Amino acid sequence: MTDYGADLLWVLILASLGLSALAVFFSISRQRRSHPPAVVHPAGEDVAAEAARKVIREFEKNGQSVDAALVTWSPETLRKILADDLPDAQVIVVSNREPYIHNLRDNGVELLVPASGLVSALEPITRACAGTWIAYGGGTADRLMVDKDDRVQVPPGNPSYTLRRVWLTEEEHQGYYLGFANEGLWPLCHIAFTRPIFRESDWEAYEAVNRKFADTVVAEARNERPIVLVQDYHFALLPRMIRERLPEAIVITFWHIPWPNSEVYSICPWRERILEGLLGSSIIGFHTQFHANNFTESVDRFLESRIERADAAISYGGQTTLVHAYPISIEWPADLLARLPDVDDCRARLRTRFGLKADVKLGVGVERLDYTKGILDRFQALDELFKRYPEWIGKLVFLQIAAPSRGTLPAYKLLHDECHRYAEELNERYGSDGYKPVIMVAEHHTQEQVYEIYRAADICMVTSLHDGMNLVAKEFVAARDDEQGVLMLSTFAGASRELLEALIVNPYDAAMMSEALLQALTMTPDEQRERMRPMRQMVRDNNVYRWAGSMLLDAARLRKRGDVDRATGTGDRQPPSVDNVVSMFERKRLAMS
Ligand code: F6P
């Protein structure tokens, strides 16, 4: 054969391989877009479909590559990253909410783990890194439990890191936390149609408290180069304050809530100051690429900066910040699952606790009592279901666990009253002797109690009007090692980008939600398994260690780059020239070696 002939043959072979790959890709994409079939496939097909879904997800996932799924992410992986790539780095976490709250009770001091997605995600990470966690000491017995430097070793009974408590005055807490953070930024960032309130005095308190935390970070830093993980909308000004005092620190800021589009954002009177503060970070993380893009658009609109979209980097005031999506997750395997009884026992215990008949289906909702969670909207869906399908009256009970939250704010008081009123109304309308369709428990529950509820439920409703991620959805999936239970998930929660096999709903559409409820109520065990299995795989592969590990690896890369710049005197004039996502090959090598 001539050289030309051989070349042509190769071209044809490669083209046909390419076309076959494309055909497989498109056929998988088509399968994925339609709902998973209600029937179980033979085992081989089942495994292949799962593998394909995983590959597609990896392609779709916020710039992360296929290989990442091959890494098993664990506390050990994190420790390895720290030891190999960030030797001697001290990890400091900063958040408003502390992971352990000590409260005075009649019979002594009670320990409370707050209902917070942030806490459940960061706690295992801080344990793994043996770091220092700086947070507001809000418990009534918090001062009794600390040493002379305001530190306490946690978790109690098995200490592995230091909790450093920061004290706030009543006025500071009112202005910074209740005022600016929760009446201003919270409604601003969640498009839930609650009007944000901005007061100058709240802003002043917010700034002062951010400075107080900056002082504490500097005091806790053992050297000039800590890795500081700043959490959430309570600390928009803190990254720049840390940068000014510890220029060599790596500051990774994670914004746990959505970031609105620039038009909505523009109503904040201190919009430029907030952006400037955040751009003191080395990295800013969001749950979804969509929120990362919104942030970049806001910077583009309100600050003189250079935006390198291809690198997802923003240069402002001589410093570069990477803006990435890192979808947060939960601990996997969840430690507490080992301590829980099996699913049948959990069902039996819960049914006894609430006096439910054996043939009654149980739907659950678990969250803080917050207007972003769509609690009233799911009650409306129940109402609609009973109107359309009265045969379900008497056969479905909905248990709403609503942890008290921010209860002194008018918007939360109003929601509390409305939820109770609507629950009572439904019970009057559809209830009868011994049957109440809605049980509302507005009390704090421990993680173990919450997992018991997940395991006992037939349906879990997550109907947020807007949510950064929503870890309840992931926890429900993690709790169901029996591969049963149906997850209804709002399309406006970040989790809906990952948990594709959930019944995805629009919480504003009560009719649609009632039909989804019917679908959930009548779903066969086979279909439940068919949906639950890939969701469990997704949460397992993308656990919270991967979330933190990805950020730490990116931080390590920045540190190396900064060290080279300092050594060569080039400074921070250019955005990092590297691709933003750390090479997955490198991640795999680290995890496996
Ligand atoms: O997960 C989102 C979040 O806003 C966290 O930032 C916060 O810790 C949690 O909800 C609970 O809110 P709070 O700390 O105000 O009780």
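Trainee: Where in the chain does P333 lie?

Mentor: P333 is in the loop between β12 (319–325) and α12 (343–354). Keep in mind that this is a predicted model.

Trainee: What kind of peptide bond joins W332 and P333?

Mentor: A cis one, with omega about 0 degrees. There's also a cis bond from V154 to P155, where omega is near -10 degrees. P155 sits in the loop between β5 (151–154) and β6.

Trainee: While we're around β5, what can you say about phi of D150?

Mentor: Phi of D150 is positive, about 65 degrees, although D150 is not a glycine. You'll find D150 in the loop between α5 (142–145) and β5. N470 also has a positive phi without being a glycine, near 85 degrees. N470 belongs to the loop between β16 (459–462) and α16 (471–479).

Trainee: Why does N470 count as buried?

Mentor: Its relative accessibility is 7%, and the cut-off for buried is under 20%, so N470 is called buried.

Trainee: Now an arginine. Why does R165 count as buried?

Mentor: Set the value against that cut-off again: R165 has 1% relative accessibility, and buried means under 20%. The residue is part of strand β6 (residues 161–166).

Trainee: What makes the link between the side chains of R165 and H102 a polar contact?

Mentor: The distance is 2.9 Å, which falls within the 3.5 Å allowed for a pair of N or O atoms. A polar atom of the R165 side chain also lies 3.0 Å from the backbone oxygen of Y100.

Trainee: Which residues does R165 touch, not counting those up to four places away in sequence?

Mentor: Among them are E98, Y100, H102, D142, D150 and V152. So D150, the residue with the positive phi of about 65 degrees, is on that list, given that contact means heavy atoms within 4.5 Å.

Trainee: How many disulfides does a search of the whole structure find?

Mentor: Zero. Take C268: the nearest cysteine sulfur, that of C189, is 8.7 Å away. A disulfide needs the two sulfur atoms within 2.5 Å, so C268 is in none. C268 is buried as well, at 2% relative accessibility.

Trainee: Why is C129 called buried?

Mentor: C129 has a relative accessible area of 12%, and with the limit at under 20%, the label buried follows.

Trainee: How do you know that W186 counts as buried?

Mentor: Relative accessibility of W186 is 5%, again to be set against under 20%. W186 lies in helix α6 (residues 170–189). Leaving aside neighbours within four places in sequence, its contacts include Y233, I257, R368, Y371 and Y412.

Trainee: What separates the C-alpha atoms of W186 and W259?

Mentor: They're 9.9 Å apart in space, and the two residues are 73 residues apart along the chain. W259 turns up again among the contacts of F295, along with L275, L279, F286 and V323.

Trainee: Which residues touch the most other members of the largest nonpolar core?

Mentor: F295 and L487, in a core of 184 residues. Helix α19 (residues 544–568) supplies its largest share, 10 residues. As a general point, nonpolar side chains in soluble globular proteins tend to be buried together.

Trainee: Why does the span of α19 agree with what its 25 residues should give?

Mentor: The expected span is 1.5 Å times one less than the number of residues. For the 25 residues of α19 that comes to 36 Å, and the end C-alpha atoms are 36 Å apart, so the two agree.

Trainee: What happens at the start of α19, and just after α19?

Mentor: At the start, a side-chain oxygen of N543 comes within 3.1 Å of the backbone nitrogen of Y545. Just after the helix, G569 has a positive phi of about 70 degrees.

Trainee: Zooming out, how many helices and strands does the protein chain have?

Mentor: There are 20 helices and 18 strands. Of the 593 residues, 58% are buried. Among contacts between residues at least 6 apart in sequence, 76% join residues at least 24 apart. The chain exposes about 24,800 Å², with 54% of that supplied by carbon and sulfur atoms.

Definitions and conventions. Residues numbered from 1 in each chain as written. Predicted model: local features only at pLDDT ≥ 70, side-chain atom pairs only at ≥ 80, totals over all residues. Heavy atoms only, no water. Helix = DSSP H or I, 4+ residues; strand = E, 2+ residues; numbered from the N terminus. Buried < 20%, exposed > 50% of the residue type's maximum accessible area, 1.4 Å probe, protein only. Areas by Shrake-Rupley, 256 points an atom, 1.4 Å probe, with all protein chains shown as cover. Core = buried A, V, L, I, M, F, W, Y, C linked by side-chain atoms within 4.5 Å. Polar contact = N/O pair within 3.5 Å; in protein donor to acceptor, adjacent residues only side chain to side chain.
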